[in-house]
Amino acid sequence: MLAGGLLVLLAPLAAHAEQIVEVRDGAAVEALVSLREPTRVRIEGAAIREVFGNLQSGNCGATPAVGAGPGTNAAPAEILVECDLDKGEIYLRPVGVPDKPINLFVSSPHATYTLLLRPVDRPADTLVLRDRTLPATEPAAAVLGAAANPIRRLKGLLVAMASGQAPPDIRTEAVDRDVPLWAQVRFTFQRRFEGRGLIGEHYVLHNLGSDVMVLAEQEFHREGGNVAGVAIEHHNLRPGDRTNVYVLRFGARP
């Protein structure tokens, strides 16, 4: 039953999720970039050192070096590139409205990746290049770390809450307190989970009425509560039925 609730949690965040593309040295892969907004590009577990293509840049300096590939010096720039030298990331924005994919070569200290970028009308996004042929640099426990992808952190905490088996660095506290919600409903705050910038709250909702109750995640977003996601185990409750409700939010406990 957890899987359905987990999908509910991720759905409202999907619009802001990273676009992950599997890459390997020397292979060409396709990816999407925003036509009008900047697209952030990073390599998972490595820094971008060089970028080549028909591009224009004014702030990338010597490292990472940015230039035009062989035979491209006379071609007009197809894409603007801005660099974050401290993080080893770049930001891309197409020039004009391209009528074909943009070729870009992105290098890390380990490999060079060939990207075929298709500009589309979409919001600003992050493009993550993942090379599974490289040694893993992130331990499994880091899924809940402060620097991890926020969706992965939320997913990891939700799994810990639903299973009742929290990692040692996640503090748990039994609450067992009824919280006022609606008429004909008992809403019990069972347990609080806290750690690494995330707070999770496990509730049990009991339908005390005589009618079927239909639940929606939006009903459990507290104004000003910095809610990052809500997962409901069962959305339709017959009279007398119960369901688990998980509320997750960023921030430290007040």
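About 13,600 Å² of the protein is exposed, and carbon and sulfur atoms supply 52% of that area. The model behind these values is a predicted one. Of the protein's 254 residues, 43% count as buried. On the secondary structure side, the tally comes to two helices and 18 strands. Contacts often bridge long stretches of sequence: among those with a separation of 6 or more, 56% are between residues 24 or more positions apart.

What about the inside? In soluble globular proteins, nonpolar side chains tend to be buried together. Here, the largest nonpolar core holds 25 residues, and the ones that touch the most other members are Ile 79, Ile 90, Leu 92, Leu 104, Leu 117 and Leu 129. Strands β2 (28-34), β3 (39-43), β7 (79-84), β8 (89-94), β9 (102-107), β10 (112-120) and β11 (125-130) each give two or more residues to this core. Leu 92 makes a handy example. Setting aside neighbours within four places in sequence, Leu 92 is in contact with Ile 79, Leu 80 and Val 81, with Leu 104 and Leu 117, and also with Glu 37, Pro 38, Thr 39 and Val 41. There is a second, separate core as well, made of 14 residues, with Phe 187, Leu 205, Val 230 and Leu 237 among them.

Next comes a sheet. Strands of a sheet pair through backbone hydrogen bonds, either parallel or antiparallel. In this protein, five strands form an open sheet in the order β12-β13-β14-β18-β16, and the pairing is antiparallel. At its edges sit β12 (171-178) and β16 (227-232), each of which pairs on one side only. Ignoring direction, neighbouring strands of the sheet are turned by 15° against each other on average. The link between β16 and β18 (residues 242-250) can be followed in some detail: the two strands run antiparallel and are joined by five bridges. Ala 231, for instance, has Tyr 246 in β18 as its bridge partner.

Tyr 246 turns up again around His 202, a residue whose place is in strand β14 (residues 198-207). Is His 202 buried or exposed? With a relative accessible area of 15%, His 202 counts as buried, because that value is under the 20% cut-off. Leaving out residues up to four places away in sequence, His 202 touches Asn 244, Val 245 and Tyr 246, along with Thr 188, Phe 189, Gln 190, Arg 191 and Phe 193, plus Met 161.

Definitions and conventions:
Residues are numbered from 1 along each chain as its sequence is written. This is a predicted model: local features need pLDDT of at least 70, side-chain atom pairs count only at pLDDT 80 or more; totals for chains, interfaces and linings use all residues. Side-chain values use heavy atoms; hydrogens and water are left out. A nonpolar core is a set of buried Ala, Val, Leu, Ile, Met, Phe, Trp, Tyr and Cys residues joined through side-chain atoms within 4.5 Å. Buried means under 20% relative accessible area, exposed over 50%, partly exposed in between (1.4 Å probe, protein chains only). Helices (H or I, at least four residues) and strands (E, at least two) are DSSP runs, numbered from the N terminus. Contact means heavy atoms within 4.5 Å. Two strands pair if DSSP finds at least two bridges between them. Axes are lines fitted to C-alpha atoms, for helices over the stretch in contact, and angles run from 0 to 180 degrees between N-to-C directions. Accessible areas come from the Shrake-Rupley method with a 1.4 Å probe; for residues, only the protein chains shown count as cover.
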